[in-house]
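Visitor: I should like to take a close look at a single part of this structure and at what surrounds it. Please guide me through it step by step, in terms a first-year student can follow.

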Amino acid sequence: MEYIIRNCQPNDVLVLVDLCQKHAAYEKASFDPIGKEEKLKNALFGNQPKIYCLVAEVNGVIVGYASYTFDFSTWDAASFMYMDCLYLKEEVRGFGIGEALIGKLKQIATAKNCINIQWQTPEFN
């Protein structure tokens, strides 16, 4: 399966909200999409971005995303990347896209001198 990994753009945010809703359903969590498009646009593309996002595209259709932030560890006295979300639509799982997203995150974290990448996920995932 051919795919591309790229930075999320402002016109992708409506699709991102839909993927967030699917991700929440997968993790058996509640999600209210009302107001999320504007809030995410602000967080991703405002003067001081609070979060960053990569999207995976197959044939021009966004099929997944990985969002991340940068934080600082007091104990290590160094920056780290926090992967907030990683989600792929079910029909594109198993083709290496998730691995490619994580690979791109590793490249970004290395370029930003992060000591590691951290994340949390439910036990069943």
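Guide: Let us begin with a term: two residues are in contact when heavy atoms of theirs lie within 4.5 Å. The model shown here is predicted. The part chosen for a close look is helix 1, and the rest of the account moves outward from there.

Helix 1 covers residues 13-26. It has 14 residues, and the distance from its first C-alpha to its last is 20 Å, close to the 20 Å expected at 1.5 Å a residue. Its buried residues are Val13, Leu16, Val17, Leu19, Cys20, His23 and Ala24. Around the axis these residues cover an arc of only 165°, which puts them on the same side of helix 1. On the other side of helix 1, Leu14 and Ala25 are exposed. The buried residues of helix 1 pack against helix 2, strand 2, strand 3 and strand 4.

What comes after the helix? Helix 1 is followed by Lys28, which is placed in the loop between helix 1 and helix 2. The phi of Lys28 is near 60°, a positive value in a residue other than glycine. As background, most residues other than glycine have a negative phi. Lys28 is exposed, with a relative accessible area of 67%. Asp32 lies in the loop between helix 1 and helix 2 as well. Asp32 is partly exposed, its relative accessible area being 43%. Asp32 and Gln21 are 11 residues apart in sequence, and their C-alpha atoms are 7.7 Å apart in space.

One buried residue of helix 1, Cys20, leads to a pocket. The second largest pocket holds about 230 Å³ of space. It is lined by 16 residues, and Cys20, Leu40, Tyr65, Asp84 and Cys85 are those that lie nearest its centre. Helix 1, helix 2 (36-45), strand 3 and strand 4 each supply at least two residues of this lining.

Two cysteines, Cys20 and Cys85, are named among the residues nearest the centre of that pocket. A disulfide is a covalent bond between the sulfur atoms of two cysteines. A search of the whole structure finds 0 disulfides. Cys85 is accordingly in no disulfide, and the nearest cysteine sulfur, that of Cys20, is 5.9 Å away. Cys85 is buried, with a relative accessible area of 18%. For Cys53, the closest cysteine sulfur is in Cys8, at 4.4 Å, which is too far for a bond. Cys53 is buried, with a relative accessible area of 6%.

Strand 2, one of the elements against which the buried residues of helix 1 pack, covers residues 52-58. Leu54 is found in strand 2. Leu54 is buried, with a relative accessible area of 0%. Leaving aside residues up to four places away in sequence, Leu54 touches Ile5, Arg6, Asn7, Cys8, Gly64, Tyr65, Ala66, Tyr68, Leu101, Lys104, Leu105 and Ile108. Leu54 and Gln120 are 66 residues apart in sequence and 18 Å apart in space, C-alpha to C-alpha. Asn59 is found in the loop between strand 2 and strand 3. The phi of Asn59 is near 50°, again a positive value in a residue other than glycine. With 74% relative accessibility, Asn59 counts as exposed.

The contacts of Leu54 include Leu101, Leu105 and Ile108, and these three are among the buried residues of helix 3. The other buried residues of helix 3 are Ile97, Gly98 and Ala109. Seen down the axis of helix 3, the buried residues fall within an arc of 120°, so they line one face of the helix. On the other side of helix 3, Glu99, Lys106, Gln107, Thr110 and Ala111 are exposed. The cover over the buried residues of helix 3 includes strand 1 (4-7), strand 2, strand 3 (61-73), strand 4 (78-88) and strand 5 (117-118). At 1.5 Å a residue, the 15 residues of helix 3 should span 21 Å, and its end C-alpha atoms are indeed 21 Å apart. Helix 3 is followed by Asn113, whose phi is positive, near 60°.

To return to the starting point, strand 2, strand 3 and strand 4 are among the elements that the buried residues of helix 1 pack against, and these strands are also part of what covers the buried residues of helix 3.

Terms used:
Residues numbered from 1 in each chain as written. Predicted model: local features only at pLDDT ≥ 70, side-chain atom pairs only at ≥ 80, totals over all residues. Heavy atoms only, no water. Helix = DSSP H or I, 4+ residues; strand = E, 2+ residues; numbered from the N terminus. Expected span 1.5 Å × (residues − 1). Buried < 20%, exposed > 50% of the residue type's maximum accessible area, 1.4 Å probe, protein only. Arc of directions from axis to C-beta. Disulfide = S-S within 2.5 Å. 1 Å grid on protein atoms, 1.4 Å probe; cavity = no way out; pocket = protein on both sides within 12 Å on 5 of 7 lines; lining within 4 Å. Points joined across faces, edges and corners; volume = space filled by probe spheres on them.
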